[in-house]
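Visitor: I am new to protein structures. Could you walk me through this one and explain the words as you go?

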Amino acid sequence: MSTIRTPTPTAGPSSPFVISPNLPPLPQVPGTDPERCVLDAFRTAIAKRVADALPPLTVEQAYTGVDYGKKGVDFTVALPRFRLPGKVDELAKKVLNQFQPDEWIESVVHDKAFLHFTLNTTTLIRQVLDQVHALTHATPSGQPEYGTNTSGEGKRVIVEYSSPNIAKQFHVGHLRSTIIGAFIANLYKACGWEVINMNYLGDWGTQFGLIAVGFNKYGSREALEKNAIKHLFEVYVKINKDAEADPEVKSQAAAFFKRMEEGDEEALADWRVWRELSVRKYEEEYARLNVHFEVYTGESQVGKESQDMALKRLEEMGLIDESQGAKLVNLEQWKLGKAVVRKKDGTSIYLTRDIGGAIERYEKYKFDKMIYVVSSQQDLHLAQFFKVLKLMDFPWAERLEHVNYGLVQGMSTRKGTVVFLDEIIREAGSVMHEQMRKNEEKYKNIEEPEATAQEIGITGVKIQDMAAKRINNYTFNWERMLSFEGDTGPYLQYAHVRISSISRKNPELLPLPAPAKIDTTLLTEPAAREIVLLLGSYPDVVKTALRTHEPSGVVTFAYRLAHAISSAWETVIVKGESDVEKARARMWMYLCARDVLGAAMRLLSLKPLERM
Ligand SMILES: NC(=[NH2+])NCCC[C@H](N)C(=O)O
């Protein structure tokens with residue numbers, strides 16, 4: 001299996017898709033982009049009819065009232081939201097009276113306060129499939145772009161996530177930050193933003209004094225080279241024990257860290273190696289998760305100057321209270337308590353580093369937005385730190401955003417509590433491998449069972465993590481997340497593999513003719529129409545995710561698409577269809593569905609499998 005990064009979609013400068021010029025012309029509604037989301041055109045067609053019948057309503061106003069319909073309805077307009085004079089029934093009647101079906105809209109039905117519109121099936125299928133195809137296979141960049149948009153063009157975002165602490169445990173909180181953060185970064189990229197993936201390591205603090213002392217006693221250069229993360233943690237655990245029994249160890253550690261804070265090169269030399277080797281190891285593990293950082297920074301990298309400057313400014317502004325030698329910002333009036341920004345002994349602290357760090361990042365990157373993907377356990381910390389920056393009148397303080405998430409209970413391997421990221425990855429692979437072995441017949445046909453199990457295992461972990469709203473807590477469950485049944489990661493991979501097999505299984509239909517030569521009017525089954533409408537909605541799914549910062553909407557979309565494909569599979573057949581033209585049209589539709597399912601999976605940082 002290749003280790004090459006699966007490219008995540010990003011919008012190119014111009015779209016290779018244009019709406020057929022033979023269709024009735026439509027006005028251009030600002031903010032819509034039919035060349036990237038053809039449903040925008042259908043919505044405009046609906047809005048135009050509603051506006052034309054109900055002056056002074058404008059097409060633009062009407063457009064905001066066009067929503068997806070429920071249960072078998074394409075789009076619905078709720079009339080009361082326009083606040084027009086007159087009774088709803090009369091308004092509806094006006095729209096109905098003027099209604100003429102055309103190649104955009106087939107029909108309208110009036111139901112209480114609602115108008116339900118049905119799109120013209122022929123146009124829908126033709127335009128959506130053409131668009132998916134062009135934006136997947138014919139982009140100037142050569143990268144798939146379907147679902148992307150250009151709303152973030154020219155803007156830069158920093159997404160800070162994962163951020164584990166060196167020499168300490170990599171816990172589920174860090175895993176969630178990694179999974180959700182990678183999604184958020186992909187999402188912004190797909191919306192045209194320039195994205196900087198940033199990892200803010202916990203690489204500073206008194207624990208490094210302890211490790212320095214511990215390393216002399218328990219450390220091994222060899223073990224460090226082999227697995228720095230693991231070895232440093234082992235050293236840390238041992239010396240911590242010693243320190244509990246022997247205050248001398250503690251004071252040695254404190255003295256050493258003091259030297260580090262003072263910039264003593266000798267003291268820093270070892271620390272630098274530990275950090276470097278840990279980062280290298282982390283990079284390997286992130287790569288297996290399809291996660292990549294442009295910037296590894298950390299608490300150690302925040303300059304003393306920016307922290308001092310921040311304190312000074314707070315002081316000048318009269319925002320600092322002193323209490324027993326410590327300095328704090330009183331945030332009581334915002335119900336954010338009192339935030340300590342300088343300890344009695346003058347050493348820097350987490351909060352102050354975050355404040356100084358943000359100032360430095362703004363200087364360096366001039367970001368339009370900066371997102372911190374951090375557990376909801378740190379809600380107060382982030383709220384305090386954002387508030388302090390606002391009080392300091394930094395205009396960019398408004399650009400900071402905290403994307404939080406709930407707790408995870410019960411993550412452990414069969415050997416016990418998880419401490420390291422590579423244990424999670426390995427366990428996911430081995431549990432999945434056992435699962436796959438249960439089906440001997442299938443197992444025999446898998447080319448690279450271990451690599452495949454690994455990828456599906458990771459998919460299971462990620463999907464379990466992103467399936468519900470971020471803020472929800474959940475219980476880690478290997479059994480459930482790695483099952484092929486129900487809405488799980490393995491099920492999604494399986495759906496992608498099955499649909500990818502269609503070319504392999506029907507070589508006689510290949511190569512498919514150019515899209516224009518494929519007769520999509522042969523796609524007459526409701527199940528096919530349902531798939532196509534879902535495909536058309538994908539660009540909206542991406543936009544909604546950007547607004548909510550929720551991966552769950554994308555996961556739900558992927559399931560819905562997988563289910564729709566699976567219900568069509570037995571009836572809208574390719575193999576065994578005697579009409580070759582029809583078989584080809586169906587195959588093309590399935591391949592477009594595969595492209596969109598793959599795009600959604602990649603957005604979720606997954607690597608869609610072609611075979612298993
Ligand atoms: N800018 C930040 N405070 N980011 C979050 C850092 C998370 C911290 N290293 C922890 O493990 O708790």
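Guide: Gladly! Helices here are DSSP runs of H or I of at least four residues, and strands are runs of E of at least two, both numbered from the N terminus. This is a predicted model, in which local features need pLDDT of at least 70 and side-chain atom pairs count only at pLDDT 80 or more, while totals for chains, interfaces and linings use all residues. Residues are numbered from 1 along each chain as its sequence is written.

Visitor: What makes up residues 492–612, in helix and strand?

Guide: That stretch is 65% helix and 0% strand, and its end C-alpha atoms are 12 Å apart. An unreviewed UniProt entry places the feature "domain: DALR anticodon binding" there; such annotations may be inferred rather than shown by experiment. The chain as a whole has 21 helices and 16 strands.

Visitor: How do you know what span to expect for helix H14?

Guide: The expected span is 1.5 Å times one less than the number of residues. Helix H14 (residues 421–437) has 17 residues, giving 24 Å, and the model reaches 25 Å from first C-alpha to last, so by this definition the two are close.

Visitor: Which residues of H14 are called buried, and why?

Guide: A residue is buried if 20 or more other C-beta atoms, placed from the backbone, lie within 10 Å of its own; it is exposed at 12 or fewer, and partly exposed in between. Leu-421, Ile-424, Ala-428, Gly-429, Val-431, Met-432, Gln-435 and Met-436 are buried, so each meets that cut-off. Across the chain, buried residues make up 44% of the 612 residues.

Visitor: What do the buried residues of H14 pack against?

Guide: Their partners are helices H5 (172–190), H10 (265–288), H15 (440–444), H16 (449–466) and H17 (478–481). Contact requires C-beta atoms, placed from the backbone, to lie within 7 Å.

Visitor: What makes a residue count as being around the ligand?

Guide: Its C-beta atom, placed from the backbone, must lie within 6 Å of the molecule. Glu-160, Ser-163, Asn-165, Tyr-200, Gly-202, Asp-354, Tyr-372 and Val-374 are the residues around the ligand.

Visitor: Why is that shell described as three nonpolar, three polar and two charged?

Guide: Ala, Val, Leu, Ile, Met, Phe, Trp, Tyr, Cys and Pro count as nonpolar, Asp, Glu, Lys and Arg as charged, and the others, Gly among them, as polar. Tyr-200, Tyr-372 and Val-374 are therefore nonpolar, Ser-163, Asn-165 and Gly-202 polar, and Glu-160 and Asp-354 charged.

Methods:
Two residues are in contact if their C-beta atoms, placed from the backbone, lie within 7 Å.
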